[in-house]
Amino acid sequence: MYAKLRDTLNLISKLTFTKLTNFFGLFFTFYVSRLFRKNLICGMPISASIEPTTSCNLQCSECPSGQRNFNRATGMLNFENFKIYFDGLKRELIYLNIYFQGEPLLNKEFCKMVKYAGDSGIYTSTSTNAHFLNTKVSEQIVNSGLDRLIISIDGATAQSYSIYRKGGTFEKVIEGTKNILNARNKLNSLKPYIIWQFIIFKHNEHEIDLIKKMANEYQVDKLKFKTAQIYNLSNENEALLPENSKYSRYEKNEGFKIKNRLMNHCWRMWQGCVITWNGYVVPCCFDKDAEYKFGKIENSNFTEIWKNDKYKKFRKEILKSRKNIDICRNCSEGSKIWI
């Protein structure tokens with residue numbers, strides 16, 4: 001409880017008059033746009049994701065990075081390009097997720113990126129499979145000032161963990177968790193706020209009580225349960241979906257369909273964006289293959305991209321019919337992702 005309060009106060013401490021003014025401008029124009037079905041936007045993103053790499057050490061079955069089946073270029077972001085991408089956002093930005101696809105800790109300059117953003121007064125976050133959280137890296141992460149660290153665990157035993165996290169080792173996740181907690185204590189730091197993320201599948205839904213017990217035992221700051229996203233919505237994936245329907249974002253109806261009603265609006269299109277490792281601006285984290293590229297930062301600055309005709313057209317289509325956009329048809333915006 002106290003850890004959550006500290007994390008919330010830490011996030012609030014990042015706010016400035018400029019950022020608050022920008023937030024209310026976005027919030028107001030988003031609701032006016034919803035009401036009148038007009039693409040109005042006043043302000044710059046308050047949150048963003050910048051992708052450190054598309055590389056990953058695991059082969060998770062429903063992950064494009066793990067399966068190495070991207071249709072876009074794969075690679076590693078260097079620090080100089082990170083600064084270019086970030087500097088175009090930092091004045092109004094509140095929250096930066098240094099993650100999109102891949103395992104961010106494979107990028108050797110990851111901690112430099114975190115520190116650079118943190119020194120600019122931005123709340124920083126990332127998500128990791130924890131396999132590279134050795135003692136040295138854990139101390140580097142704490143010293144970088146990272147505000148939030150999400151650790152994907154997806155199993156309370158080695159057997160259940162290995163079913164989805166192919167190529168991974170459950171013991172490595174536990175060891176990595178211990179290392180980052182020990183580093184935080186050793187360096188007398190309250191950061192990062194450490195979250196265990198547990199995606200609920202059929203093979204691990206019986207372990208919910210056990211993972212709760214383990215989260216208390218290891219004293220992670222928060223345990224989050226997340227519903228699984230399935231890319232091939234067919235009966236062959238039934239083996240992955242939990243038997244208890246409240247733990248699934250899908251319902252069975254001649255195959256599987258998402259429970260989300262797909263309302264014709266999306267706050268994400270007003271408040272944030274995603275930047276791939278090679279500088280393309282895409283709408284959100286559901287566009288994993290960067291199908292909808294609004295521009296490349298090396299060819300124009302971010303402000304020009306944020307307000308260009310491609311972005312305007314996409315927002316108009318969102319307000320008209322999200323069902324016409326393929327990445328939206330498997331989107332949980334407006335539905336329950338976290339349990």
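Me: Helices (H or I, at least four residues) and strands (E, at least two) are DSSP runs, numbered from the N terminus. With that settled, where is A290 found?

Reply: Happy to start there, and please keep in mind that this is a predicted model. A290 is no glycine, yet its phi is positive, at about 50°. This alanine is also buried, with a relative accessible area of 1%. Its place in the chain is the loop between β10 (280–282) and β11 (295–296).

Me: Which loop holds A130?

Reply: Most residues other than glycine have a negative phi. A130 has a positive one of about 75° without being a glycine. Its relative accessibility is 1%, so A130 counts as buried. Along the chain, A130 sits in the loop between β3 and α6 (135–144).

Me: Is the peptide bond from K191 to P192 cis or trans?

Reply: Let's locate P192 before naming the bond: this proline belongs to the loop between α8 (170–186) and β5. Most peptide bonds are trans. From K191 to P192, however, omega is near 0°, and the bond is cis.

Me: Why do the buried residues of α1 line one face of the helix?

Reply: The residues in question are A3, D7 and N10, in a helix that spans residues 2–12. An α-helix has 3.6 residues a turn, so residues three or four places apart point the same way. The buried residues of α1 pack against β3 (123–128), β4 (148–152) and β5 (193–200). They line one face because, seen down the axis of α1, they fall within an arc of 60°.

Me: Nice. What arc do the buried residues of α4 cover around the axis?

Reply: In α4 (residues 79–87) the buried set is F79, F82, Y85 and F86. Their packing partners are β1 (47–50), β2 (95–97), α5 (110–118) and β9 (272–275). These buried residues lie on the same side of α4, because the arc they cover is only 115°.

Me: Which residue caps the N-terminal end of α4?

Reply: Look for a side-chain oxygen that lies 3.2 Å from the backbone nitrogen of E80. That oxygen belongs to N78.

Me: How many disulfides does the structure hold?

Reply: A disulfide needs two cysteine sulfur atoms within 2.5 Å. For C56, which is buried at 17% relative accessible area, the nearest cysteine sulfur is that of C63, 6.1 Å away. C273 is buried too, at 5%, and its sulfur is 11 Å from the closest one, in C284, too far for a bond. Across the structure, the number of disulfides is zero.

Me: About how much space lies in the largest cavity?

Reply: One cavity of 30 Å³ or more is counted here. Residues lining the largest cavity include C266, M269, P283, C284, F286, F314 and C331. The space in the largest cavity comes to about 50 Å³.

Me: One last thing: which residues is K166 in contact with, leaving aside its neighbours within four places in sequence?

Reply: K166 is in the loop between α7 (158–164) and α8, and it counts as partly exposed at 38% relative accessibility. Its C-alpha atom is separated by 25 Å from that of C331, 165 residues apart along the chain. Once those sequence neighbours are set aside, K166 is in contact with L58, Q59, C60 and S61.

Technical notes
Residues numbered from 1 in each chain as written. Predicted model: local features only at pLDDT ≥ 70, side-chain atom pairs only at ≥ 80, totals over all residues. Heavy atoms only, no water. Buried < 20%, exposed > 50% of the residue type's maximum accessible area, 1.4 Å probe, protein only. Arc of directions from axis to C-beta. Contact = heavy atoms within 4.5 Å. Polar contact = N/O pair within 3.5 Å; in protein donor to acceptor, adjacent residues only side chain to side chain. 1 Å grid on protein atoms, 1.4 Å probe; cavity = no way out; pocket = protein on both sides within 12 Å on 5 of 7 lines; lining within 4 Å. Points joined across faces, edges and corners; volume = space filled by probe spheres on them.
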